[in-house]
Amino acid sequence: MELMQWFFMGVLFTLSVFALAYLSMVVKLEWYTWAGLITGVIMVLFGIGWAGASFLEGYPQSGSLGLAIFSGGGVVLMTLTWRHLVTPALSRHAK
Amino acid sequence: MSDEPDKAKSSETQGTSNPEAADTLPGPEELLTDPTRRRFFQRVAIGGGAALTGGAAAYAAARISLQGLPEQDYPQIDEKLFKPKDQRDVVLTFVSSKTLNEKHPERNEQYKRLQKKAFDWLNGMRDMYSKPWDNRKPGYTQMDRALQKAGWHPLEVGGSRASANLQPNTGLHSWDQSDLEKEQYEFESKKAASDAIKSAARVFGSVKCGIARRDKRWDYDPLYDLENDRELSWEKDFPFEPKTVIVLLTAQDYDCISTAPAWTADGTVGDSYSQMGVKADQMAKFLRGMGYQAVSAGNDLGNSVAYGIMAGLGEAGRNNQLIAPGVGPRVRIAKIYTDLDFVEYDQPHNWGITDFCLSCGKCAEACPSNAIPLPEDKDGGYGFEPTYEFSDEPGYTWNNQLGIRKFYSDAKKCYNFWVENGGGCGACIASCTFNEPDYWHHWFIMAINPIAPGFLHGLMAEAHPAFGYGHTNDPKKVIKFWKSGEGMRTNLDLKNNIGTSNKS
């Protein structure tokens with residue numbers, strides 16, 4: 001199970017790197033936009049790692065909270081960054 | 001350069017579903033020379049490489065952090081208050097000695113008067129394990145009692161059960177040096193000697209091992225032979241002049257100690273006492289086999305926590321126990337006094353644990369006898385002398401370890417609860433924020449602890465129970481423990497290798 005967790009995190013990490021590299025090709029973003037997106041990815045991965053370890057050690061409460069706080073926080077951060085910083089940049093780029 | 005538009009064109013057709021377009025798809029060589037693709041993969045490589053480098057750097061920093069920083073300030077001593085510690089003033093010695101009880105009736109009288117309790121100090125120790133079980137009450141059943149007694153049994157068979165109450169010179173911890181080899185093994189270097197000692201400790205099953213200089217400040221002086229009511233002198237009675245103290249840590253089982261203060265928890269407490277008796281005896285025998293005099297000790301001879309700190313194994317916690325990174329306070333400490341001094345000594349280290357304890361106090365909240373100071377108490381309970389209730393009453397603290405800057409708890413109230421409970425407690429171990437299983441996220445918290453500011457310490461202390469850890473007095477944990485043996489036939493996770501659940 002633990003190996004599966006690390007494998008899954010590796011896949012997510014690789015996809016994230018590809019996605020961010022692709023984004024850098026299509027639009028020029030400010031440094032704080034990149035900071036928001038990268039921090040979000042790290043938080044999502046951290047939350048998954050935390051939750052996996054917590055479930056394995058027999059503490060589902062810790063796993064659930066870890067997912068909610070760390071991964072959930074990461075998703076919220078990425079969503080806000082995307083909506084308020086990436087989307088306007090994409091619109092400007094399209095014009 | 002001239003063919004680039006064609007390549008761009010072919011690149012655009014890649015995503016189409018037109019079968020005819022397949023003929024126009026670029027080959028591998030064309031793809032590699034496509035500047036857009038090259039740039040994309042360059043960025044993937046740079047981004048991924050940067051992330052991996054950052055991750056590796058963070059991992060390395062965490063490993064360094066877990067080594068701890070050398071601590072120059074330990075111990076902080078108030079010379080006006082500090083004096084050598086008479087073993088007779090240690091609660092466990094006092095409650096195990098009829099003679100001492102007869103000599104100091106005022107101590108019992110004062111405790112009864114101040115705490116408003118009719119409490120029999122001496123018979124409490126005797127009656128502790130004879131309290132009747134209740135098979136309807138998880139943690140206090142016949143099975144839990146049996147585990148408790150089985151845990152202590154090897155130490156009893158080895159003749160050293162009394163060493164837990166500080167009786168010196170017992171079976172496993174004998175002072176006898178008659179098996180000392182005449183020829184002394186010569187080590188190539190001090191480091192080789194230290195490595196050899198620690199390798200042997202690993203074989204014997206210790207979870208950690210450190211080496212400290214013998215320090216008279218931590219030795220009980222005078223020593224006291226409870227069984228024969230005799231004062232013992234380091235100079236006249238001890239078989240040699242010790243130069244070095246080797247400290248071995250034995251881990252207790254995580255799931256078992258989590259059941260505290262139920263009798264179940266005493267199963268792993270007793271077992272670790274037995275294990276530390278065996279390991280320390282083996283280490284002493286190993287040293288004597290190399291021609292160096294050695295005497296092993298459990299709780300007897302000296303202050304185990306202080307020696308553990310001096311050997312660089314951990315810091316002192318609010319619960320007055322040694323808190324070792326990775327296992328927290330879930331350890332028992334054995335010592336080996338030896339005249340071998342050609343070794344590389346360890347030194348005290350700082351992981352920010354004592355600082356964390358100043359903001360935490362979960363052990364104090366969990367303590368059934370309110371024996372541990374709370375962060376809200378005067379100076380957070382941290383100082384050169386006790387500040388707990390009645391500590392200003394003359395004679396109440398028995399001048400035990402006054403003058404060293406640390407947390408002071410009321411050991412008499414702690415012991416009182418053991419007797420009422422019918423077995424040891426361990427709630428301060430189970431509730432400790434540093435008492436965690438061996439998983440990466442707990443190591444991560446441990447690694448960032450030294451650089452975390454005070455307010456974050458408080459937040460982490462609150463997050464610990466919120467995430468489901470550290471709850472005590474919970475019958476569900478007893479039920480969970482008694483199922484933790486599932487899968488032990490094959491033991492694919494190597495459960496309990498170092499006393500933690502599921503993972504070695």
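Let me start with the largest nonpolar core, a nonpolar core being a set of buried Ala, Val, Leu, Ile, Met, Phe, Trp, Tyr and Cys residues joined through C-beta atoms within 7 Å, where buried means that 20 or more other C-beta atoms, placed from the backbone, lie within 10 Å of a residue's own. This core has 100 residues, and those that touch the most other members are Ile246(B), Val247(B), Leu248(B), Met283(B), Leu322(B) and Ile336(B). Helix α11 of chain B, residues 263–289, gives the most to this core, with 9 residues; helices here are DSSP runs of H or I, at least four residues, strands are runs of E, at least two, and both are numbered from the N terminus.

The model is predicted, with pLDDT of at least 70 needed for local features and 80 or more for side-chain atom pairs, while totals for chains, interfaces and linings use all residues. Residues are numbered from 1 along each chain as its sequence is written, and chains are lettered from A and ligands numbered from 1 in the order in which they are written.

A second, separate core of 13 residues includes Val41(A), Ile48(A), Ala53(A) and Tyr439(B).

Turning to chain A, its secondary structure comes to 3 helices and 0 strands, and its C-alpha trace spans about 55 × 20 × 15 Å along its principal axes. Of its 95 residues, 32% are buried.

As for the interface, 16 residues of chain A are in contact with 17 residues of chain B, contact meaning C-beta atoms, placed from the backbone, within 7 Å. On the side of chain A that touches chain B, α1(A) gives the most, with 7 residues.

Notes
Buried ≥ 20, exposed ≤ 12 C-beta atoms within 10 Å, placed from the backbone. Contact = placed C-beta atoms within 7 Å.
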